[in-house]
Each structure stands twice: as structure tokens, then as C-alpha cells.
Amino acid sequence: MWIYEKKLQYPVKVSTCNPMLAKFLIEQYGGADGELAAALRYLNQRYTIPDKVIGLLTDIGTEEFAHLEMIATMVYKLTKDATPEQLKAAGLGDHYVNHGEALFYHNASGVPWTASYIQAKGDPIADLYEDIAAEEKARATYQWIINLSDDPDLNDGLKFLREREVVHSQRFREAVEILKEERDKKTVF
């Protein structure tokens, strides 16, 4: 189906240890509008989507896993040199107690990831509009994290991810138009 290259989709750099930024980024790791939920949503919906756009959901769904890998790398780099005291001061004390330095799928508030984040109605138009909304919410979240960050190296990777959300939203909008056009075609016998 696809080939995994053992490199990130886009280079991830951070300037300094910053557990607070890591806490914010965890929202995109295990939050409702994060990369895991998006990947699973699109790869699940592809089973009830018309053939004309099935490849789009496959392509974007697998790309979301690449974004998840980038977020994990960012969080790791932002926390790898942090002391337990720094993690606690950043609001990651509960995470540290439960998971040590391991990543865990939860949002920035510590609420664990849940399958209820994945929307699938089985109506192609409804599902694609859900996907557009998910991409726009992820874009907004990336922008808000950039607004909170003073790390130009990290922001470079975040801007890449933000722009990919815009592209995905545009592709889903195009898919809606393709399906609407197909639905509205007159059948002649």
C-alpha cells in the first residue's frame, strides 16, 4: 500500500527544553482534533466512501500518521532533558507519575484519548464535512500553539503541519464537490 521511509515527513527541531510547550503539543497527539483521531477517522470512513474519493481518505489518513510521528518527536525533544520538577511545574506531573517519560494518548488537559473522537456517519457528504471541520480545528490549534511558542525552530515544524491541515481541508472540499456533482447527474435510460 505504501512505503515507510525512516525519516520524518518534515525535519523537527527545537531550540531548548520546554515542557510547557510539550504539554500544549500533546493536544495534537491525543486530543479530539489531534493527529491520531484524524488518521483513524479517515481510514475508517474510507470503507463507506464512494470509489471516486476513497484514495483521498487513504492518502490523508496515512499522512496523519506521519504528522503524529512529528508531534511525538517534538514532545520528546521538548521534554528529554526535563527534570521531574520541571515537568510538574509545566502541568505534566500527573503524566510523569503515570507514564514516566513515555508518550501517552491524552489531550493537553490529561484526558485520555477515546474512540468517541472518531466520527463516521456513513453518509459521504456528512463525513467529508466532518473531515473539513476536523482539519480546520487542527489548523486553528496549531496556530494557537504557535502563538504561545517562542521557539523559532519548533514553530517551523508547526507551520508546516498547519499548512498541511489547510491542504487537507481543500482536498476534502474538492471531494465534496465531486460527490455532489455525481449525485446530481441525471440518469438517462
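User: Which helix holds Glu-64?

Analyst: Glu-64 has its place in helix H3; helices here are DSSP runs of H or I with at least four residues, strands are E runs of at least two, and both are numbered from the N terminus. The model is predicted, so local features need pLDDT of at least 70 and side-chain atom pairs pLDDT 80 or more, while totals for chains, interfaces and linings use all residues. Residues are numbered from 1 along each chain as its sequence is written, and side-chain values use heavy atoms, with hydrogens and water left out.

User: Why is Glu-64 called buried?

Analyst: Its relative accessible area is 0%. Buried means under 20%, exposed over 50% and partly exposed in between, with a 1.4 Å probe and protein chains only. Glu-64 therefore counts as buried.

User: What makes Asp-59, also in H3, exposed rather than buried?

Analyst: Asp-59 has a relative accessible area of 52%, so it is classed as exposed. UniProt lists Asp-59 for "binding site" in an unreviewed entry; such annotations may be inferred rather than shown by experiment, their feature names are shortened, and their positions follow the numbering used here.

User: Which other residues does UniProt list for "binding site"?

Analyst: The unreviewed entry also gives Glu-35, Glu-64, His-67, Glu-135 and His-168. These residues spread over 134 residues of sequence but cluster in space, with a largest C-alpha distance of 12.6 Å.

User: Where does Glu-135 lie, and why does it count as buried?

Analyst: Helix H6 contains Glu-135. The relative accessibility of Glu-135 is 1%, so it counts as buried.

User: What does each of the two glutamates touch, apart from neighbours within four places in sequence?

Analyst: A contact means heavy atoms within 4.5 Å. Glu-64 is in contact with Glu-35, Ala-38, Ala-39, Tyr-42, Glu-135, Glu-165 and His-168. For Glu-135 the partners are Tyr-42, Ile-60, Glu-64, Glu-165, His-168, Ser-169 and Phe-172.

User: How do you know that H3 is roughly parallel to H6?

Analyst: The axes of H3 and H6 come within 14 Å and cross at roughly 25°. Axes are lines fitted to C-alpha atoms, for helices over the stretch in contact, and angles run from 0 to 180 degrees between N-to-C directions. Angles under 35 degrees count as roughly parallel, over 145 as roughly antiparallel, 65 to 115 as roughly perpendicular and the rest as oblique. H3 is therefore roughly parallel to H6.

User: Which residues meet between H3 and H6, and what is the hand of the crossing?

Analyst: Leu-57, Ile-60, Glu-64 and Ile-71 in H3 meet Leu-128, Asp-131, Glu-135 and Tyr-142 in H6. The crossing is left-handed, the term for a near helix turned anticlockwise from the far one by less than a right angle; clockwise is right-handed.

User: How do you know that the span of helix H1 agrees with its number of residues?

Analyst: The expected span is 1.5 Å times one less than the number of residues. For the 12 residues of H1 (residues 19-30) that is 16 Å, and the end C-alpha atoms are 16 Å apart, so the two agree.

User: What makes H1 mostly covered?

Analyst: Nine of the 12 residues of H1 are buried, among them Leu-21, Leu-25 and Tyr-29. The buried residues of H1 pack against H2 (35-45), H3 (51-79), H4 (84-89), H6 (124-148) and H7 (152-184).

User: How many helices and strands does the protein chain have?

Analyst: The chain has seven helices and zero strands. Of its 189 residues, 44% are buried.
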